[in-house]
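Me: I've got a model open and want to talk through its packing and charge pairs. Can you walk me through it?

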Amino acid sequence: MERLDFNGFGGVNLAATAFGSADNPPVLLLPSLGQVRQLWFGTAAALAEAGRYAICVDLRGHGDSDQSPDGHYEFDAYIGDLRAILAAMPNRAVVVSAGIGARVAMAAVGEGAPHLVSGLALIDANIWVEKAVVDRLGGAMALRSSIFDDPTKIVDAVAAAYPSEPRPTLTNRMMAAYAKRDDGQYEWRGDPRVLAASNLPDMEERLTAAASRIAAPVTLIRGSLNETVSNEVMEKLKALIPGSEVVEIDGAGHYAASDREDDFNAILIDFLERQAPRAPLTFIAGSEPRILRDALGCFATGVTIVTTMNADNEPIGLTANSFTSVSLDPPLILFSLAKTSANLETFEKAGKFAVNVNHIGQQPAAGKFASRGVARFDGVDWALREAGGSPILAGSLASFDCTTHAVHDGGDHLIFIGHVNYASFEPHRDPLLYFRGKFRRLHFA
């Protein structure tokens, strides 16, 4: 197991635990309201054994994740968290989610993040929730956040949400949602303000539209004794989500994923092997560009900050790893810049640029120059080698001051070829590397 942290919507830190090797295909396990990530640990261990990289995360305001400082626990805050986590992963993940988590996953993927997932496993997913059920679930959430003197009473509180279904089993993973106080009583490990937003508003129209736009493989899982998420609901949702499938766990209710863990794990792993196999992902011209991006990310590169001066004689810079040498005679190098970049016109008109190769101590600068809405040169030591040159960042591993030799069209980028007028380098520093979407450092065998 490995502790991870993700930066969620609004800067809220989201705690997670990972099982298995990060080189394996990722699976993100998202709990429902009131639950904590430990509930998924058994499934995560089974996924790791099956060659997956399983990541269990706490929702904001739950467990070890931060509480929202301004009380943002609305539906869109959870959607923002999920998208932030998925975007931070080096490869597309399969998302496994239950209850409210399943609704969040449907909205996040259907409303604009299809490129971030390779599949969805939705447990007890329901768009068409009756008001009486919503009210009962809100009351049960309030009850389970009470102070308890006996763990069996915690099970009573959890079972109150679905009183006609099989009673859940008291386990250590269920108890992980509670902290034992000095007085011997048990207290829910969450922000009480979550409860005010637990009766999430009816969003039937919104979720119906989102579900109909999901393009990834989807399996819908329910316990056969689940009374509020019926087989009819599953079939209706199956008809709505293109290509989805329905699987039932016989004799189980809402708690099938935990109380019938072996059965659930077998269903999930079967889905993964069929729909998101561990064989290498393949890009074919015209298919999902994220796959090509992931493949290109397997080529480790250095990290550079490319700079120039604008028409007002102000420094402009950005982080780039699309840098390479071209020729020694004449001395030419190149980098490419997206046509959507706000700095594209400045670099085109400047007729000059400098490439500053970063060493490991310049990772903060690389992150800063890759960020939007910040004063990138504030606190950065830089200078012009001579009048008419471009900004050289002090202490760089290497710097190349160039005039623009040519600019070529490169699809959704422009390729800038520079004639090197000046170069300097520091041979005693190690380079900052970029590999599979993350900064890296050299490892010497």
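Reply: Sure, one term up front: buried means under 20% relative accessible area, exposed means over 50%, and partly exposed is in between, with a 1.4 Å probe and protein chains only. This is a predicted model, where local features need pLDDT of at least 70, side-chain atom pairs count only at pLDDT 80 or more, and totals for chains, interfaces and linings use all residues. Residues are numbered from 1 along each chain as its sequence is written, and side-chain values use heavy atoms, with hydrogens and water left out.

Me: Is Lys 349 buried or exposed?
Reply: Lys 349 shares helix 12 (residues 344-350) with Glu 345, four residues apart, about one turn of the helix; helices here are DSSP runs of H or I with at least four residues, strands are E runs of at least two, and both are numbered from the N terminus. Their side chains meet in a salt bridge at 2.6 Å, N to O, the term meaning a side-chain nitrogen of Lys or Arg within 4 Å of a carboxyl oxygen of Asp or Glu. Glu 345 has a relative accessible area of 47%, so it is partly exposed. Lys 349 has 65% relative accessibility, so it counts as exposed.

Me: Which residue forms a salt bridge with Glu 248?
Reply: The pair links distant parts of the chain, 26 residues apart, with Glu 248 in strand 11 (residues 245-249) and its partner in strand 10 (residues 218-223). Glu 248 is partly exposed because its relative accessibility is 36%, while the partner is buried because its relative accessible area is 3%. The closest N and O atoms are 2.4 Å apart, and the partner is Arg 222.

Me: How many salt bridges does the structure hold?
Reply: Another of them joins Asp 263 and Arg 260 at 2.9 Å, N to O. Asp 263 is at 34% relative accessibility, so it counts as partly exposed. The structure's total is 19.

Me: How many residues has the largest nonpolar core?
Reply: A nonpolar core is a set of buried Ala, Val, Leu, Ile, Met, Phe, Trp, Tyr and Cys residues joined through side-chain atoms within 4.5 Å. Ile 55, Met 106, Leu 122 and Leu 237 have the most contacts inside the largest one, whose count is 68.

Me: Which helix gives the largest share of this core?
Reply: Met 106 touches, among others, Leu 122, Ile 214 and Leu 237, where contact means heavy atoms within 4.5 Å. The largest share is eight residues, and it comes from helix 3 (residues 100-110).

Conventions
Lists of a residue's contacts leave out its neighbours within four places in sequence.
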